[in-house]
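Colleague: Could you take me through one part of this model up close, and then work outward from there? I'd like a plain walk through the pocket and the contacts elsewhere.

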Amino acid sequence: MRGELELDSNDTIAAVATAVAPGQGSVAIVRISGPRAEAIGARLFRAPGQQVWDSHRVLYGHVVDPATEEPVDEALLLLMRAPRSFTRETVVELHGHGGLVAVQRVLELVLAAGARRALPGEFSQRAFLHGRLDLTRAEAISELVTARSRRAAQLAMAGLDGGLQRRIGALRERLLDQLAELEARVDFEEDLPPLDGEAVVAALTAVRRELEQLVAEARQGALLREGLRVAIVGRPNVGKSSLLNRLSRRERAIVTDLPGTTRDLLESELVLDGVPLTLLDTAGIRPTDDAVEQLGIARSREALAAADAVVLVFDLTAGWTPADAELRALVPDGVPLLLVGNKADLDPGPAAAQADVAISALTGAGSDALVEQLLQRCGAAEVQGVQVALNDRQRDLAARAAVALTGSLEAAAQQLPWDFWTIDLRGAVRCLGEITGEEVSEAVLDRVFARFCIGK
């Protein structure tokens, strides 16, 4: 199927392959891939002395404007002739100075010399179409680039090393074995020994069980890749900002004894036990005539409605109040909620019984228990045990394959002829092939690689 997809082999593409920001980045790379890559490099690069122009050698010199021979940047050139490159095409990389002006000028010269600007993910897409990567490895590259935690990067590396492809590929091979046996009986049953239907059912059931496990583990992988948005809510001056500062280990919010200090939504990104979290410190929700504070409270309500989890902080010394109960009622149904009693370093009194966990944002006491409870409420406590994890596209296909196998098993339970068993079984095989890219359409590839950054 991969070979049937279109690829313009006469097209040479180019893009900046490193992050570019004003005044930042010591090195920038312009990557060129395609049949004209080496010619474009030779036209723009001048290497002094007796340096040897050869594949997989680094040359030192300057990128010049061929119209004027004016040096544009001091640079290194790396030539990788096909098929020994990431795309399995001839690739030239120009390593110059970072920032904005120099690298953009180099890219302009490359485009003027005959390359076209690469689309998002087009280098990786060419690597896939040329058989350099399967689709799970290509998607793992994107996930590695965007990883927000070390654990997420480890999962991406597991996919890049082929762990996911091997697991899905093995399941697909097991289904193909059963499909071959069934289809042989459809066409040549009188010439073959009887087929053990119970063994086929057992094999299909085992594959379905493994697929359902992969789908369940995909939730853990999503937590590691995407993280959670956690809203910290509570009445004014109960210690929300102090808790934010304690967890993020830096002063993100102003902390005073005055109620209503936080008047806007503050965000802090951190990683707790491998799970990326965005903590939202909300303005205290209370009746007020202050127009600015009203805007902050409105944003707090919006954050509360959109959060993946809510930490409701109340003052242990003041006890659980009707205002706290009103805030609890604002938490949408189904959203994990953790009741946190703050100021445990003072006399907490009987209100501590109302809290899921008691802490002191001032001293840090109880912070570890808070993190543990929060991750448990969000279903993220077992992320360390996940070895490979499907992304959303892969999870949906695995779930469809499991449903298709259920259809085959229902045909078996009804003792229908063998060809009825094969209908849904073929669908399951197709779904697993689409995960790895063995059966995939051009439209699917466009959707997958459009999510990549340009230059990857």
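**A close look at α4 and beyond**

Modeller: Let's start with the residues of α4 that are buried: L135, T136, A138, E139, A140, I141, S142 and E143. That is eight of the helix's eleven residues, so α4 is largely enclosed by the rest of the structure. Do bear in mind that this is a predicted model.

Now to the pocket. E143 turns up again here, as it is among the residues nearest the centre of the second largest pocket, together with R225, E226, N391 and R451. The lining has 14 residues in total, and the pocket's volume is about 340 Å³. Three elements give two or more residues to this lining, namely α4 (135-145), α7 (197-226) and α12 (392-413). Of these, α4 gives the most, with three residues. If you sort the lining by chemistry, you get eight charged residues, three polar ones and three nonpolar ones.

With so much charge in the lining, salt bridges are a natural next topic. Side chains of opposite charge can pair when their charged atoms come close. The model has 23 salt bridges by the cut-off used here, which is a side-chain nitrogen of Lys or Arg within 4 Å of a carboxyl oxygen of Asp or Glu. Here are some of them.

Take R395 and D396, whose side chains meet with N and O 3.3 Å apart. R395 is partly exposed because its relative accessibility is 28%, and D396 also counts as partly exposed, at 42%.

A second pair sits within one helix. E108 bridges to R105, and their closest N and O atoms are 3.8 Å apart. Both belong to helix α2 (residues 101-112), where three residues, or about one turn of the helix, separate them. E108 has a relative accessibility of 45%, so it is partly exposed; R105 falls in that class too, at 29%.

The next pair has a longer reach along the chain. K343 and D315 form a salt bridge with an N to O distance of 3.1 Å. This one links distant parts of the chain, 28 residues apart: K343 is in the loop between β12 (337-342) and β13 (357-358), while D315 is in strand β11 (residues 309-315). The two ends differ in their surroundings, since K343 is partly exposed at 21% relative accessible area, whereas D315 is buried at 9%. The cut-off matters for that call, because buried means under 20%.

Salt bridges can also join up into something bigger than a pair. D11, E89, R116, E122 and R126 are linked in a network of them.

On to the strands. Strand β4 (residues 58-65) and strand β5 (residues 70-80) run antiparallel and are joined by eight bridges. One of the contacts to look for is V58, whose bridge partner in β5 is L78. Four residues lie between the two strands of this hairpin, and there E69 takes a positive phi near 65°. On to strand β6 (residues 91-97): β5 runs antiparallel to β6 as well, with five bridges between them. L78 comes up again in this pairing, as it stands opposite E93 in β6. So if you want one residue to click on in this region, try L78, with V58 as its partner and E93 opposite it in β6.

Last, the aromatics. A pair of aromatic rings is described by the distance of the centres and the angle of the planes. The model has three aromatic pairs. In one of them, F128 and F449, the ring centres are 6.5 Å apart and the planes meet at 45°, so the pair is tilted. F128 belongs to helix α3 (residues 122-129) and F449 to helix α14 (residues 442-450), so this pair ties together parts that are 321 residues apart in sequence. Both of these phenylalanines are buried.

Another pair is W418 with W421. Their ring centres are 4.9 Å apart and their planes are at 70°, so this pair is edge-to-face. Both tryptophans sit in helix α13 (residues 418-436), three residues apart, about one turn of the helix. W418 counts as buried at 17% relative accessibility, and W421 is buried at 5%.

Notes:
Residues numbered from 1 in each chain as written. Predicted model: local features only at pLDDT ≥ 70, side-chain atom pairs only at ≥ 80, totals over all residues. Heavy atoms only, no water. Buried < 20%, exposed > 50% of the residue type's maximum accessible area, 1.4 Å probe, protein only. Pairing = 2+ DSSP bridges. 1 Å grid on protein atoms, 1.4 Å probe; cavity = no way out; pocket = protein on both sides within 12 Å on 5 of 7 lines; lining within 4 Å. Points joined across faces, edges and corners; volume = space filled by probe spheres on them. Nonpolar A, V, L, I, M, F, W, Y, C, P; charged D, E, K, R; others polar. Phe/Tyr/Trp six-rings, centres within 6.5 Å; stacked < 30°, edge-to-face > 60°.
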